[in-house]
Amino acid sequence: MSGFTTRPEIRGSFGVVTSTHWIASAVGFGILEKGGTAFDAAVAAGFVLQIVEPHLNGPAGDLPIIFHSAETNQTKVVCGQGVTPAGATTAHYKAQGLTLIPGSGLLSTVVPGAFDGWMLLLRDHGTMDLRDVLQPAIDYARGGHPVLPRVANTIAGLADYFAAEWPTSAAVWTPGGRAPAANANFKNPDLTATYERLVSEAEASGQDRVAQIDAARAIWSKGFIADAIFDYLKDACVHDVSEQKNSAVLAREDMANWSATYEDTLRYDYEGWTVHKTAPWSQGPVFLQTLAILKHFDLAAMDPMGEEFVHTIIEAMKLAFADREAYYGDPEYSVIPMEILLSDSYNAERAKLITDHASLEHRPGFIPGLERLAEAYLRRATCDFGVNDAAPQEPAIAHLTEKRGDTVHLDVIDRWGNMVSATPSGGWLQSSPVIPGLGFPLNSRAQMFWLQEGLPTSLGPHRRPRTTLSPSLAEKSDGTRLVFGTPGGDQQDQWQLIWFLRFVHHGLDLQAGMDASLFHSMHFQSSFFPRQALPGEMMIEPSFGEAVIKGLRARGHIVTVAEPWSVGRLTAALRHPDGSLQAAATPRLMQAYAVGR
């Protein structure tokens with residue numbers, strides 16, 4: 001059938017919400033129906049995602065948001081990425097006998113950032129009260145929701161581990177000693193009580209919505225929630241993927257002294273679009289640099305499902321990601337040469353490295369004065385860190401195994417033109433033990449640091465991890481605006497890029513692009529424990545066809561063919577200059593949905 005897509009392209013003018021779980025999308029749209037803005041809807045949907053996808057995000061996780069305000073006509077970032085504790089020194093971690101920061105447990109915890117990030121957005125740009133946006137999450141935690149088969153399988157796979165090593169997690173995720181059955185009604189009474197108490201205490205602080213939201217932020221970082229966290233951490237020493245027991249370095253002062261912030265976006269102009277991403281404390285700029293490299297190729301002339309298209313993009317991504325590994329980090333603590341990395345002259349030279357054959361080498365650019373960082377990456381990419389393969393609770397790509405955590409994503413546009421793209425993550429049920437009485441675990445984001453000194457990503461106090469979380473917003477001069485994103489760790493800016501290029505160069509509409517076959521590179525060093533690099537390796541969906549796959553192998557790519565419909569979890573929403581809206585969501589994993597009218 002001509003024009004067939006797996007789901008209808010959602011169209012309307014009132015509002016659209018698209019996310020990685022249908023319940024969150026429905027909740028967000030319900031907020032729009034009640035008169036809320038995109039900001040109110042995003043916050044409500046974000047808190048519901050913590051309930052219905054607890055293997056992919058949680059209250060104590062991480063949160064980058066890119067948003068556009070119709071009132072101010074400005075596009076900004078909310079940085080809800082928590083920083084490392086004051087006690088997070090390489091000396092301390094090396095004293096534990098570690099060569100890598102564990103991918104789970106308490107030692108890899110940074111300051112929880114997601115809650116305060118959502119509250120900052122709600123306070124300054126929302127219109128609804130705290131209870132209005134938290135009530136749906138409270139209701140689903142109390143009354144239950146049909147637990148995803150993937151969540152049930154994740155818990156079942158970890159049930160014995162929880163019982164033996166993380167009994168506080170066993171109490172929440174295996175009530176009565178049993179993992180929930182797929183699609184069974186699953187409740188979280190402790191998290192219900194946490195949010196109910198939080199809202200009640202905040203409401204008791206006064207009638208003004210801003211005062212209540214600020215009170216909630218203080219309760220989280222300094223009140224009973226912080227009390228519960230640090231009462232537990234003072235004696236806790238738990239098993240993690242290092243195969244030893246470790247304690248947290250997170251301290252009360254770390255949490256009390258941190259808050260989410262606003263930042264300018266990093267932007268790049270491409271084919272009539274201005275693309276907005278977060279700063280290099282995330283991997284977001286790698287999307288922009290790959291565009292800068294691909295400017296030198298005629299992508300529009302290539303078959304978007306063909307061998308040449310796949311090969312060219314894979315090779316460009318290898319180069320951009322090599323620079324990510326060498327140069328990205330928290331710009332508050334390191335000089336990050338983004339002006340050079342996004343310059344036309346630099347990327348013209350990078351583009352010349354792409355030939356008809358796949359490169360199996362790691363090839364960061366050598367920037368004058370910073371050559372040592374490129375050299376350090378080359379050494380690191382081939383280093384044997386002496387660790388075993390990752391244990392089940394290691395976060396990675398959800399479609400590879402149901403025992404691993406990942407991320408969620410949501411996009412919202414309202415009738416006034418406010419737009420939100422958010423990629424919450426961290427605080428997975430498999431990342432860390434549940435804090436007794438609170439119903440949620442901490443995060444494991446510090447695993448993205450290195451224990452080698454002198455790098456932009458070296459472990460040190462008060463630094464943001466170079467996270468993989470990467471929401472996107474793109475706009476044209478005529479007022480067209482697009483929000484989009486995906487879960488997927490290191491794959492986030494690969495899958496988004498492929499979808500965006502097909503949208504821009506080949507005219508694939510939102511849902512058609514979601515349905516189109518995807519691929520990604522595994523060539524560069526992983527952001528997650530055990531930090532493996534797989535030179536020349538890539539993954540591709542079989543729907544590309546045998547001829548394309550054979551052609552890629554002939555070019556030297558080491559190709560793994562994925563299961564059908566298993567690569568990528570994209571969502572997107574678009575606003576045209578006349579105010580008409582579109583939204584789409586991937587059919588992969590059978591849980592993402594777009595809602596709108």
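Which residues of helix 12 are buried? In this predicted model, the buried residues of helix 12 are Pro285, Val286, Phe287, Leu288, Gln289, Thr290, Leu291, Ala292, Ile293 and Leu294. Helix 12 covers residues 285–294 and is mostly covered, with 10 of its 10 residues buried. With that helix as a starting point, the chain as a whole can be introduced.

The secondary structure of the chain comprises 19 helices and 21 strands. Its radius of gyration is 22 Å, close to the 25 Å that the globule rule gives for 597 residues, so the chain is as compact as a globular protein of that length. The C-alpha trace spans about 65 × 60 × 45 Å along its principal axes. Of the 597 residues, 66% are buried. Among contacts with a separation of 6 or more, 74% come from residues 24 or more positions apart.

A good landmark for a newcomer is the open sheet of seven strands, whose order is 9-4-3-13-12-2-21 and whose pairing is antiparallel. Strand 9 (261–264) and strand 21 (593–596) form its edges, each pairing on one side only. On average, and with direction ignored, neighbouring strands of this sheet are turned by 15° against each other. Strands of a sheet pair through backbone hydrogen bonds, either parallel or antiparallel. Within the sheet, strand 12 (residues 410–414) pairs with strand 13 (residues 419–422) in the antiparallel sense over four bridges. In this pair, Val412 stands opposite Val420 of strand 13.

Two helices accompany these strands. Helix 2 (residues 38–52) packs on the sheet and touches strand 2, strand 3 (63–69), strand 12 and strand 13. The direction of helix 2 makes about 155° with that of strand 12. Helix 1 (residues 22–33) lies across strand 2 (15–19), strand 12 and strand 21, and runs at about 160° to strand 2.

Elsewhere, helices pack against one another. Two packed helices are described by the angle between their axes and the distance between the axes. For helix 13 (residues 307–327) and helix 16 (residues 371–381), the angle is about 105° and the axes are 8 Å apart. Angles of 65 to 115 degrees count as roughly perpendicular, and helix 13 and helix 16 are therefore roughly perpendicular to each other. Helix 13 contributes Ala322, Glu325, Ala326 and Tyr327 to the contact, while helix 16 contributes Leu373, Ala374, Tyr377 and Arg380. By class, this contact has six nonpolar residues, two charged residues and no polar ones.

Two individual residues help to fill in the picture. Ile354 is placed in the loop between helix 15 (344–351) and helix 16. With a relative accessibility of 12%, Ile354 counts as buried. Leaving aside neighbours within four places in sequence, Ile354 is in contact with Ile293, Phe297, Thr312, Glu315, Ala316 and Leu319. One of these partners, Ile293, is among the buried residues of helix 12. Another partner, Ala316, is 38 residues from Ile354 along the chain, yet their C-alpha atoms are separated by 7.2 Å.

The second residue, Gln494, lies in helix 17 (residues 492–506). Gln494 is also buried, and its relative accessible area is 0%. Again leaving aside neighbours within four places in sequence, the contacts of Gln494 are Met317, Phe321, His520, Ser521 and Phe524.

Terms used: Residues numbered from 1 in each chain as written. Predicted model: local features only at pLDDT ≥ 70, side-chain atom pairs only at ≥ 80, totals over all residues. Heavy atoms only, no water. Pairing = 2+ DSSP bridges. Axes fitted to C-alpha atoms, helices over the stretch in contact; angles between N-to-C directions. Contact = heavy atoms within 4.5 Å. Parallel < 35°, antiparallel > 145°, perpendicular 65-115°, else oblique. Nonpolar A, V, L, I, M, F, W, Y, C, P; charged D, E, K, R; others polar. Rg over C-alpha atoms; globule rule 2.2 N^0.38 Å. Buried < 20%, exposed > 50% of the residue type's maximum accessible area, 1.4 Å probe, protein only.
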